[in-house]
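Work through these short exercises with the sequence and the coordinates open. Each task is followed by a stepwise solution.

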Amino acid sequence: MAVRLPLLILLALLSAPVAARGGMPSCLKCHPAHYRALGSCVACHRGDPRSDRVRIAHHDLVQGRFAWFALPGSGPTERGRRLLEGFACRRCHTSAGKGNRLAADLDLLPAGTTAQGIFEAIGNPALLMPQFHFDDRQKTELVNAVLAGAREAGRKAGKAEGEPPQVVHFQDGDASRENVFEKRCGACHRALTRARGGVGRGSIGPNLSGLLSEFYPKTAAGRTAWSATALEKWLDNPRKSREQTQMRPVIMKPGEFDRLVPLLADPPAP
């Protein structure tokens, strides 16, 4: 039996977005309004306020504990920023427009990435990402810092102008590959590099990703930034730089140090 035209019109009106029908956003039917000065519900929580169906209205929803990023100067966001700096996340990631491009650009996470997904990724790190053992509160604060940084950078997925595609190497499947890091450093250290992906297999020493960049912690002699000169001095005799270190001198063959430096420098892509 054919559906009559008036019924089709009625169905179309009922399925139209709430805003188009002149009604209030569906969010406010279940949740009290707050922080009105910041704008609409979606400015902080995303989701889809046009639908009364919970599954649609809550699509890509940012839960309340992750929405502090939209409140200027909020405690969770500021603490997250300090964690991001203290643990040197930018030695591999870009956040708020600053950082190395060795791993995912946190300002340009793929479409469909949720705040909860970021939270879980911090607790279950990808291959070669250090396990920092953050508690749930710290992970929540880091998520807020990441979301705030993406907003500050003003960049949307696929909209970064003039930026070349990013290729992240984790493992190339060649277990027998040879490079100077593997031979001289890899027994104790690991590093994510632009040219060779993940190198090293040890966990005794610190992760050296981005060592010779401005985003690595200033842990060279005198609490200064690492440079090729500081690294060469360290490898020659670590105890001259730090008396209590257990690391032994690393004897390199001619030319090996010159091949090591580019691996750890990882300058920004042109």
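**Exercise 1. A pair within one helix**

Glu78 is partly exposed, with a relative accessible area of 29%. The model is a predicted one. Find the salt-bridge partner of Glu78 within helix α4, and describe the setting of the pair.

*Solution.*
1. Look for a side-chain nitrogen within 4 Å of a carboxyl oxygen. Arg81 qualifies: its side chain meets that of Glu78 at 3.2 Å, N to O.
2. Check the spacing. Arg81 and Glu78 are three residues apart in α4, about one turn of the helix.
3. Relate spacing to direction. With 3.6 residues a turn in an α-helix, residues three or four places apart point the same way.
4. Check exposure. Arg81 is partly exposed, at a relative accessible area of 28%.

**Exercise 2. The faces of α4**

Determine which residues of α4 are buried and how they are arranged around the axis of the helix.

*Solution.*
1. Set the limits. Helix α4 covers residues 75-86, 12 residues in total. Its end-to-end C-alpha reach is 16 Å, close to the 16 Å expected.
2. Apply the cut-off of under 20% relative accessible area for buried. Pro76, Thr77, Gly80, Leu83 and Leu84 are buried in α4.
3. Look down the axis. The buried residues fall within an arc of 120°, so they line one face of α4.
4. Turn to the other side. Arg82 and Gly86 are exposed there.
5. Identify the cover. β1 (94-95) and α6 (136-153) are among what covers the buried residues of α4.
6. Step past the helix. Ala88 follows α4 and has a positive phi, near 55°.

**Exercise 3. Two further salt bridges**

Compare the settings of the salt bridges Glu141 with Arg137 and Glu256 with Lys183.

*Solution.*
1. Start with the count. The whole structure holds nine salt bridges.
2. Take Glu141 and Arg137. Their closest N and O atoms are 2.9 Å apart. Both residues lie in helix α6, four residues apart, about one helical turn.
3. Add exposure. Glu141 is buried at 5% relative accessibility, whereas Arg137 is exposed at 52%.
4. Take Glu256 and Lys183. Their closest N and O atoms are 3.8 Å apart. This pair links distant parts of the chain, 73 residues apart: Glu256 is in α10 (residues 256-265) and Lys183 in α7 (residues 180-184).
5. Add exposure again. Glu256 is buried at 2%, and Lys183 is partly exposed at 47%.
6. Finish with shared partners. Glu78, Arg81 and Glu152 are joined into one network by salt bridges.

Notes: Residues are numbered from 1 along each chain as its sequence is written. This is a predicted model: local features need pLDDT of at least 70, side-chain atom pairs count only at pLDDT 80 or more; totals for chains, interfaces and linings use all residues. Side-chain values use heavy atoms; hydrogens and water are left out. Helices (H or I, at least four residues) and strands (E, at least two) are DSSP runs, numbered from the N terminus. The expected span of a helix is 1.5 Å times one less than its number of residues. Buried means under 20% relative accessible area, exposed over 50%, partly exposed in between (1.4 Å probe, protein chains only). The arc is that of the directions from the helix axis to the C-beta atoms. Contact means heavy atoms within 4.5 Å.
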